[in-house]
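Biologist: Got a minute to walk me through this one? I'd like to start with how the chains sit together.
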There are 2 protein chains.
Amino acid sequence: MDVTIKDIAEVAGVSVATVSRVLNNKDNVRKETKDKVMDIAKELNYQADFNARSLKTNKTHTLGLIIPDLTNPFYAQTSSIIENVVHDLGYSTIICNTNNQPKLQDEYINILRQRRVDGIIFGSARIDDKSITDLKTKNVPYITYHRCLKKGDTNYITTDDVKGIKQAVDYLVSCGHKKIAFLSGPRIYSTSIERLRGFLQARKEYNLDFDPDLIRDGEFVEEKAWEETQNLINLTDPPTAIIAANDIMALGALDCCIKSGLSVPQDISIIGYDDIYISSHARIQLTTVSVHPEKIARKTAELFVKKVLTKENSESVQLRLDPKLIIRNTTA
Amino acid sequence: MDVTIKDIAEVAGVSVATVSRVLNNKDNVRKETKDKVMDIAKELNYQADFNARSLKTNKTHTLGLIIPDLTNPFYAQTSSIIENVVHDLGYSTIICNTNNQPKLQDEYINILRQRRVDGIIFGSARIDDKSITDLKTKNVPYITYHRCLKKGDTNYITTDDVKGIKQAVDYLVSCGHKKIAFLSGPRIYSTSIERLRGFLQARKEYNLDFDPDLIRDGEFVEEKAWEETQNLINLTDPPTAIIAANDIMALGALDCCIKSGLSVPQDISIIGYDDIYISSHARIQLTTVSVHPEKIARKTAELFVKKVLTKENSESVQLRLDPKLIIRNTTA
DNA sequence: CTGAAAGCGCTTACAG
DNA sequence: CTGAAAGCGCTTACAG
């Protein structure tokens, strides 16, 4: 059906080897035959079969991108940037949406291996993710961004979350808050763990209220955060401020407070984390800690392709970027 | 490097043909040898090479998904659903983000053809999209969702946007509005054209203010909508309500009104279109016309794979779903 | 500068 | 029920 190099070779009266050479822009071919072949290829509207090529070259120029939830604006934004950047570098990306299910992640990893992708970018890494570390023995290059593995020699680009939460607490304390609640994420992600650690450290440092009821698991999910905020509000001695470990949860907390008749920030302060785009909207104006999604995505894509994927001397990349508190109008 | 069927054949003491048969679960093979081969495949941790397989079968079980902007929550949500649904049906999806650039779309179409995808799903179709209709002569199946081509025998799933805008105007008129502005999208998309047409029809029907200044091109972009809203507000005789042709622009309009000191809906009403998830947030509460993103995405994925991609008798699918006005708190 | 040949990892008639 | 062989569309030493 599709036209092949054999078709071109016939029309041009040369061998397929020669056609292949000009198509791959090798230098050892006469300009005259080169032009002829090129013209014919264009005329026949030839489209090389990348899969056939991969069979010989062992390179698919395809990357897997595994993320936990494309519906989360943070991952939508970073996925979008990663796709665009690696495209400019000559790679296609197969996107895989795990919906936060480890089983689905394993399934996707297998599929990506069967498709012989040149490497995998993970936004979905758990702290003890054996499926990912196993990749090392199987020789498939990978990098994790945002969420990362426990430690060691794997590639990652993430944010100094302890520092980020510290900034949030600093600010709330400077506003006079003493009873601060914390909405955490699942303890299986580095981001949740680090952010919680940052909170615990800061709480100790400032000698804030130690009430265990103030720390709640919002699971990084808007609805769950909503419920837990409800619980927080209903406490006999409720907090005056809530720090949510991501913006999605902060949005849930905000929604809950408003629907419960509270004014934000007059009655209660709310701080998020990530700085997704909607947080800056005039009707939201969420105070949050920015992890610079665009920068993190761009760096992940570029460094993975340019440093890790280079066959000869694959360098390791390990980066921990500085977060930045962005003060808007949900805090006082 | 990777283990192949040849490796398995050697260990099992059978031919590669037999190995291939059991791996593909053909029936004509003795249970005994079948079990042996399976055991060995598992033991060696065999992962079939999908690309090599495609070379023979002419099926890649890969789909291209071309969308205009993954950062737009509508496309993030629908892409996420499409990816998950086709995955369950045995397909991987290569995602392509055109950033609304026709040139990039053409580039992506070529790449997808070179990768021999089994079909392409377009969320980015322009009304006169020759690159897409050309696909018919090249025998690559496709479907467009949301935005669709001019008409004819191509596959699409979209919404009755004339009806949707009609509902919005009906409601505003019932609230007493007579001077209604309209923020349109680029006239190259069916969605923009239909929504504008719906507005013009309704305006005529109700004999509303015909001032041409009231219709402005927000380009489906939040920032552009922000500027045009500013222009609208500054009119000597400003509108009392704004209909935005998508939620993104409505969000921009809302942001602009608030920052300009107006109260919504007390001073001005705003209606969006699409019903992206953030529109329902307590701080947003955007009145909008829902196109049922989840339903449209699910149907697109299912019908494309089950109807269009079946080799024998590919059926055409053409669907125009009914929209629904969702009244929240940006209108009065 | 060019061609014949081998081979990448599979599948599938054909023959037995 | 199984194997030998051809072939999918390419690339790349090897030889000239």
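Modeller: Sure. One bit of method before the symmetry: copies are superposed by least squares on the C-alpha atoms of residues with pLDDT of at least 70 in both. And keep in mind that this is a predicted model.

Biologist: OK, so what rotation and shift superpose chain B on chain A?
Modeller: The rotation is 180°, with 0.0 Å of shift along its axis, and the RMSD comes out at 0.0 Å. The two copies are thus related as by a two-fold rotation axis.

Biologist: Which residue of chain B comes closest to that axis?
Modeller: That's B:Ile94, whose C-alpha is 2.2 Å from the rotation axis.

Biologist: And how much of the contact surface recurs in the other copy?
Modeller: 100% of the contact residues of chain B recur in chain A, so the same surface serves both copies.

Biologist: How many residues are in contact there?
Modeller: 41 residues of chain B touch 41 residues of chain A. On the chain B side, the elements giving two or more residues are H4, helix H5 (73-88), strand S2 (92-97), helix H6 (102-114) and helix H11 (247-259).

Biologist: Which of them gives the most?
Modeller: H5(B), with seven residues.

Biologist: What's the chemistry like on that side, by class?
Modeller: Chain B puts 17 nonpolar, 16 polar and eight charged residues on the side that touches chain A.

Biologist: Switching to the DNA. Which residues are closest to strand D?
Modeller: 25 residues surround DNA strand D, and the closest are A:Ala17, A:Ser20, B:Ala17, B:Arg30 and B:Leu55. Helix H2 (16-23) and helix H4 (50-57) of chain A each give two or more residues to that surface, as do helix H2 (16-23) and helix H4 (50-57) of chain B.

Biologist: And how do the residues near strand D divide by class?
Modeller: There are 11 nonpolar, eight polar and six charged ones on that surface.

Biologist: Now a single chain. What's in chain A, helices and strands?
Modeller: Chain A has 12 helices and 12 strands.

Biologist: What is its radius of gyration against that of a compact globule?
Modeller: Chain A has 25 Å, while a compact globule of 332 residues would be near 20 Å. Along the principal axes, the C-alpha atoms of chain A fill a box of roughly 90 × 40 × 30 Å.

Biologist: What share of chain A is buried?
Modeller: 49% of the 332 residues in chain A. As for contacts in chain A with a separation of 6 or more, 69% of them are between residues 24 or more positions apart.

Note on methods: Residues are numbered from 1 along each chain as its sequence is written. Chains are lettered from A and ligands numbered from 1 in the order in which they are written. This is a predicted model: local features need pLDDT of at least 70, side-chain atom pairs count only at pLDDT 80 or more; totals for chains, interfaces and linings use all residues. A residue is near a molecule or strand if its C-beta atom, placed from the backbone, lies within 6 Å of it. Helices (H or I, at least four residues) and strands (E, at least two) are DSSP runs, numbered from the N terminus. Ala, Val, Leu, Ile, Met, Phe, Trp, Tyr, Cys and Pro count as nonpolar, Asp, Glu, Lys and Arg as charged, and the others, Gly among them, as polar. Two residues are in contact if their C-beta atoms, placed from the backbone, lie within 7 Å. The radius of gyration is taken over C-alpha atoms; the globule rule is 2.2 Å times the number of residues to the power 0.38. A residue is buried if 20 or more other C-beta atoms lie within 10 Å of its own, exposed if 12 or fewer, and partly exposed in between; C-beta atoms are placed from the backbone.
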